[in-house]
Amino acid sequence: MAEQHPKVIKKEVGRLKKMPNLKDYKFARKEFSYDVHKDEIEFFVDGKMNAAYVAVDRHLKTPLKKRVALHIIDEGSTKHPTFEDIAMLSNRFANVLAKQGVKKGDRVFIFLPRIEELYVSFLGILKTGAIASTLFAAFGPDALFDRLNDSGAKIVVTDLTLKERVDKVRGRLPELQKVIVTGDYVPEEGELSYNQEMWSASKDFEIVHMEPEDRAYMLYTSGTTGRPKGVVHTHYDIIHQHLTTKWILDLQPDDIYWCTADPGWVTGIAYGILGPFSNGITSIVDARRFSAEKWYKVINDYKVTVWYTAPTAIRMMMKEGADIARKYDLSSLRHLASVGEPLNPEAIWWGLEHIGLAFHDNWWQTETGGILIANYPCMDVKVGSMGKPFPGITAGIVDDRGNEVPVKTEGNLAIRPGWPSMMVEIWNNKEKYDSYFKGGWYISGDRAWMDEDGYFWFVGRADDVIKTAGHRVGPFEVESALVEHPAVAEAGVIGKPDDMYGEIIKAFISLKKGHKPSDDLKADIKNFIKTKLAGHAYPKEIEFRDTLPKTRSGKIMRRVLKAQELGLPIGDLSTMED
Ligand code: ATP
Ligand code: MG
């Protein structure tokens, strides 16, 4: 029964499966400065740096050199490159690029599935001083064109199957000089064979020394709320990624860490490459199509200890049922974290029941370059809360003019600018960049509130908050209540214009296996919600859908539900799942 679910998960450091890296949040917060921790990354003697050196090559002086950096699991094959392998291969790739005249500031894009070459080329690009970017492998030609055109990419690295899509748009990309193709391939005009070039390139490369604030990578946002933005980040980001990996994901030397995010999105870069590599941790990469069974088996076979995933993945596993989970040994796991969307309490309770651990929610954005608000292994988890700001981060809730609002009042989730991994530019769009900053705050575009203990609670995207009968209702609270109903797998909630109430709440619902849509079920769900939420917050309308529209990174696209409902133009769909 829902009533028996814990609202707070108490923590005692001594009772955790392992002593965490961060033992006392309050103390760390009081003492914190990034300067004190500068020694945890490495600068060159001239005071310059390179994130790829920090992530990989500095380990060559230590026993980490021989440690497996990645276990890459693909259909029918696996690969296990060490940090030394990655260092040498990325040097070779940097030489390949240098031969093409790639220099500091040039944009080099990677359009690859999760194969070794993706990781190698990303780090190789950083080594040359160029700006690296990744494109999710499921993108079609239009999505490719938008990003390559906007960024003025000079080189694209791709594989035999994806190349076709690049070919389709290449004629319209005057700045694109070379396409590098992995695998056994005889290159044509304007193309290079990755294998041939790598084979003839030296494994020695003089890593380009960069200023900490020099650009390192750029990534387009998920497109959940509108047209994706090209967010630009610096080499110095890595100090924040290093420390958050250590204190929030709690990675420790012998961990086997699995970040399930694709490197096409920021999580897959910051916490799939830079953060864990800098900490010298072995990671899992699963290049295969998702299935709950495969995922449990990966945890079982590789004895995964720390797992960083997303609500959408957790919901998919819940949808498949617990019988599959019981077939596998998941006891190696010791810490679970989640990001990307609000984490419904139901998902936390499911984790407690079937894995014996709570998922630790954390919040950040492509723009923030790293986790800013989190639940820590050493800190009580208030179920449904995003946790507290990372030591060194000042978060606040402000009104539209940038003034802080009282505790427990909904407002804009805002951050004091100047943390090391803050974006430095929106590519080609200074106006957009400037619009994020108001009254001395970075305004995130998300709505939230803070409780009396300093925990932050997500309400919804600013665009998604519903105004009904004079009340403001966040879709998250309604969706979380809906997924507690035994038949509901996923829910997306919108405000639908209404003459009487301003807006009414409409819920789109997909059902769990074994449940069929019916009017009785609708009524049952409505009654269920009435017992959970204030009267004004229950959905007057419910519509069943087989699936909900989602971004390719798994976020529910409420703007699409709304546009469909209202018969309005749907806008940019380049990141929507098929
Ligand atoms: P776009 O900016 O193009 O609309 P996006 O905002 O989804 O796309 P990302 O930068 O990938 O692009 O996602 C950041 C957003 O994801 C946050 O602003 C927030 O809305 C949501 N998010 C991330 N983590 C959490 C979390 N723990 N709880 C609630 N929402 C989260
Ligand atoms: Mg966003």
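Author: A residue is called exposed when its relative accessible area is over 50%, buried when that area is under 20%, and partly exposed in between. The model discussed here is predicted.

Reader: Why does K408 count as exposed?

Author: The relative accessibility of K408 is 54%, and exposed means over 50%, so K408 counts as exposed. K408 lies in the loop between strand 19 (395–398) and strand 20 (411–415), where the residue adopts a positive phi of about 70° without being a glycine.

Reader: Which other residue has a positive phi although it is not a glycine, and why is D250 called buried?

Author: D250 has such a phi, of about 60°, and its place is in the loop between helix 8 (237–247) and strand 11 (256–259). The relative accessible area of D250 is 1%, and buried means under 20%, so D250 is called buried.

Reader: Why does T134 count as buried, and what does T134 touch?

Author: T134, which is found in strand 5 (residues 131–134), has 5% relative accessibility; the limit for buried is under 20%, and therefore T134 counts as buried. Setting aside residues up to four places away in sequence, T134 touches I110, F122, M218, L219, P263, G264 and I269.

Reader: What makes the approach of the T134 side chain to the backbone oxygen of P263 a polar contact?

Author: The distance from the side chain of T134 to that backbone oxygen of P263 is 2.6 Å, and a polar contact within protein asks for N or O atoms within 3.5 Å, one able to donate a hydrogen and the other to accept it. The pair of T134 and P263 is therefore within the distance limit.

Reader: Which residues of helix 5 are buried, and what covers them?

Author: In helix 5 (residues 141–151) the buried residues are A143, L144, F145, R147, L148 and S151. Their cover includes strand 4 (107–111), strand 6 (155–158), helix 6 (163–170) and strand 9 (215–220). Just after helix 5 comes G152, with a positive phi of about 65°.

Reader: Which residues touch the most other members of the largest nonpolar core, and what is F277 in contact with?

Author: That core has 98 residues, of which F93, F122, F277 and Y308 touch the most other members. If neighbours within four places in sequence are left aside, F277 is in contact with A55, V56, H59, A69, L70, F83, I86, L123 and G272. Apart from the largest core lies another, of 33 residues, among them Y296, A325, A358 and V383.

Reader: What makes the approach of T221, G340 and K555 to ligand 1 a set of polar contacts?

Author: An N or O atom in the side chain of T221 is 2.7 Å from an oxygen atom of ligand 1, a polar side-chain atom of K555 is 2.7 Å from an oxygen atom of ligand 1, and a polar backbone atom of G340 is 3.2 Å from a nitrogen atom of ligand 1. A polar contact needs N or O atoms within 3.5 Å, so each of these pairs qualifies. Ligand 1 taken alone exposes 630 Å², and the protein buries 96% of that.

Reader: Which residues come nearest to ligand 1, and which strands supply the shell?

Author: Among the 23 residues around ligand 1, the nearest are S222, T224, T225, T366 and R461. Strand 15 (359–363) and strand 24 (456–461) each supply at least two residues of the shell, with strand 15 giving the most, three residues. By type, the shell divides into six nonpolar, 10 polar and seven charged residues.

Methods
Residues are numbered from 1 along each chain as its sequence is written. Chains are lettered from A and ligands numbered from 1 in the order in which they are written. This is a predicted model: local features need pLDDT of at least 70, side-chain atom pairs count only at pLDDT 80 or more; totals for chains, interfaces and linings use all residues. Side-chain values use heavy atoms; hydrogens and water are left out. A residue is near a molecule or strand if one of its heavy atoms lies within 4 Å of it. Accessible areas come from the Shrake-Rupley method with a 1.4 Å probe; for residues, only the protein chains shown count as cover. Helices (H or I, at least four residues) and strands (E, at least two) are DSSP runs, numbered from the N terminus. Ala, Val, Leu, Ile, Met, Phe, Trp, Tyr, Cys and Pro count as nonpolar, Asp, Glu, Lys and Arg as charged, and the others, Gly among them, as polar. A nonpolar core is a set of buried Ala, Val, Leu, Ile, Met, Phe, Trp, Tyr and Cys residues joined through side-chain atoms within 4.5 Å. Buried means under 20% relative accessible area, exposed over 50%, partly exposed in between (1.4 Å probe, protein chains only). Contact means heavy atoms within 4.5 Å.
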